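Colleague: I should be grateful for a guided reading of the structure below. Please explain the terms as they arise.

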Amino acid sequence: MKKWFRTVCFLLFFFSGLLAADTAFAALPKISVAVSADEDASQRSYVNCWITSSRKGYLFLPAFYQPEQMYLYFDGYDTLTLDGREVHSGDAVSFSPNQVIQVSGKGFNPFTVTVMQSSPIPAIFINTESGDLTAIHKSKEVKEPGDMYMVNPDGSVEYDGNLKYIRTRGNSTFKYPKKGYQIKLKSAAPLCGMAKDKTFILLANYLDRSGIRNRIGLDLARYSGAYAFTVQCQPVDLYMNHAYVGCYLLTEKCEIDKDRLNITNLESAVEEMNDVPLESYPVVGPTRYRNGTSRAYQIPNEPEDITGGYMILGSNSNTYEKKPTGFVTKRGQAFIMQQPKYASVAQIAYVSGLMQQIENAIFAKDGRDPETGKHFSEFLDMKSFVNRYLQGEILCDHDAWRPTFYKDSDAVDAKVYCGPVWDQDNILGISPKIGNPNYLSIDREQKRDYYWFTRVVKHPDFREEMIKTYYAVYRHAYLILLGEETDETGTLLSVDAYTDEIRSSTLMDHTRWNKTTWRSETGGNPKAGEKPDECAAFIKEFIRAHMKVMDKAYPEPLQ
């Protein structure tokens, strides 16, 4: 009886303790800070205090905030005490970066709030119509309207208007807790000096703790001068429904458009010729990945000239099966249609036939398609193909072997081009799958007998052009990234410069998205660093090691 009584008393004491702790946590005040003295602006740009499960609070403040123009707001309490000072909701406050504030009041246990301020980069405040992100985080198909307020580090307003919608995006990255987004403005705007448009992308870079890999990859593509279009980008801090969600990379959308990849817009032409949405027409072809198959829509009306423009992406089998249209070559390389997204039977037949001829030529010993006798360079632009191989090889890009291709109408240009470069977060050792710099990525990929680059690099004409380009362009790029040379155009920066540009924002992001579950969620390389300087040191060491491998594998030709 005594033992039973002691057990009951212990359980009552234990659960009452849990209840008290739970009550204390639930009762913590919801604190917000308006970071502008302007009443109208403050409604758009106030920041909620983020509280962790261990009852630590953080105020993640944008670059433009001014300590003398801050106002504190909270609900459910007459007053709070901050570092011994009693304050009312709506009182002016002044917080300094790295300040740790003791918050106390009636009905809850005291807790601390740490103030963090971002690097001098723009801040984007998006407020959704529902004020909740649950629906759009569950499905990429869900879109929600809202408004967006974007402020530069100097306090000037970059954008203030409605969003037609925001939605989540990504393939493998969609499963990560820090989501990527696509936004569509109600009115076109030239955000951060980019081409005036409505649609933009917010890359989360959750896989990459340095936050700079995508920027390096995109700037390197621009530096090479090999592509008709490479998206412009700008690091930003993102706040959703007044909650800080991290450091993001704002970019243009990689798409066919007069201000982006400026080729014939076949997709728009087909949409104008049909009265119903293209996806409502019947689909022909298997969903499953199988060599030599395709999947397309039976679209009744389309232009007489369907030779362009197209943007197609090399894909793996899993992603291929989830997309509306595409095709698989005879050797097994899957391609999905990015534009037109809902391609017709005739369009797929044309594009798959052309890409099959290229594959036939690449895999022939003499580099010529057995049926037409044409060399692969007659179908495929050599410069963009060589540069896309090198872009992937020197950065050890895990996804480089499935690049994007595009083609304009034959009336403009009959060749297929490699590019645009896109999605560069999986580079420079961030993935253990390709995390060793001491070998060529191409050698590792030999097991994929349908990968085009692993075959084409064996052709003497491709190899000769590739080696010349490496020493003329990419070896200098290595040295620029290491800080040993300077790009006079300012297109490509050093790893240290990229790191310094977003250092404080990266620290805020790491606080918001700590590394406790990062490895299991992403499969990322735990050796790639945690703090900004550790990440930068890893990247530079990786570059030095892989540069030696490239120099040895591809010696500079004698003049």
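**Strands, helices and cores**

Colleague: Which residue of β5 stands opposite Ser32?
Modeller: Strands (DSSP E runs of at least two residues) and helices (H or I runs of at least four) are numbered from the N terminus. Opposite Ser32, in β5, stands Tyr73.

Colleague: What pLDDT do local features need?
Modeller: Residues are numbered from 1 along each chain as its sequence is written, and side-chain values use heavy atoms, with hydrogens and water left out. This is a predicted model, in which totals for chains, interfaces and linings use all residues, side-chain atom pairs count only at pLDDT 80 or more, and local features need pLDDT of at least 70.

Colleague: In what order do the 4 strands of the open sheet run?
Modeller: Two strands pair if DSSP finds at least two bridges between them. β1 (residues 31-34) and β5 (residues 70-74) are antiparallel and share 4 bridges, while β1 and β2 pair in the antiparallel sense over 3 bridges. The edges, each paired on one side only, are β2 (46-48) and β8 (92-93). The order is therefore β2-β1-β5-β8.

Colleague: Which residue is the bridge partner of Val33 in β2?
Modeller: Both faces of β1 are covered, with Ile31 and Val33 on one side and Ser32 and Ala34 on the other, all of them buried (under 20% relative accessible area with a 1.4 Å probe, protein chains only; exposed is over 50%, partly exposed in between). Val33 has Leu72 as its bridge partner in β5. In β2, its partner is Val47.

Colleague: In the open sheet of 6 strands, which are the edge strands?
Modeller: This sheet has mixed pairing and the order β3-β4-β10-β9-β6-β7. Within it, β6 (residues 80-82) and β9 (residues 100-105) run antiparallel and are joined by 2 bridges, with Thr81 partnered by Ser104. The strands that pair on one side only are β3 (50-51) and β7 (85-87).

Colleague: How far apart are the axes of α4 and α9?
Modeller: Axes are lines fitted to C-alpha atoms over the stretch in contact, and angles run from 0 to 180 degrees between N-to-C directions. For α4 (residues 213-224) and α9 (residues 382-395) the angle is about 145°. The contact (heavy atoms within 4.5 Å) includes Ile216 and Leu220 of α4 and Ile394 and Leu395 of α9. The distance between the axes is 11 Å.

Colleague: Which helix gives the largest share of the largest nonpolar core?
Modeller: A nonpolar core is a set of buried Ala, Val, Leu, Ile, Met, Phe, Trp, Tyr and Cys residues joined through side-chain atoms within 4.5 Å. The largest has 122 residues, and Met355, Phe385, Tyr389, Phe405 and Phe462 touch the most other members. Phe385 touches, among others, Ile362, Trp452 and Val456. The largest share, 12 residues, comes from α12 (residues 460-481).

Colleague: Which residues are joined by the cis peptide bond with omega near -5°?
Modeller: One cis bond, with omega about 0°, joins Gly308 and Gly309, and Gly309 lies in the loop between β19 (294-297) and β20 (310-315). Pro420 is in the loop between β24 (416-418) and α10 (441-444). The bond with omega near -5° runs from Gly419 to Pro420.

Colleague: Is His242 buried or exposed?
Modeller: Asp83, in the loop between β6 and β7, has a positive phi near 50° and is partly exposed at 45%. His242 also has a positive phi, about 75°, and its place is the loop between β16 (233-240) and β17 (243-252). With a relative accessibility of 9%, His242 counts as buried.

How values were computed. Lists of a residue's contacts leave out its neighbours within four places in sequence.
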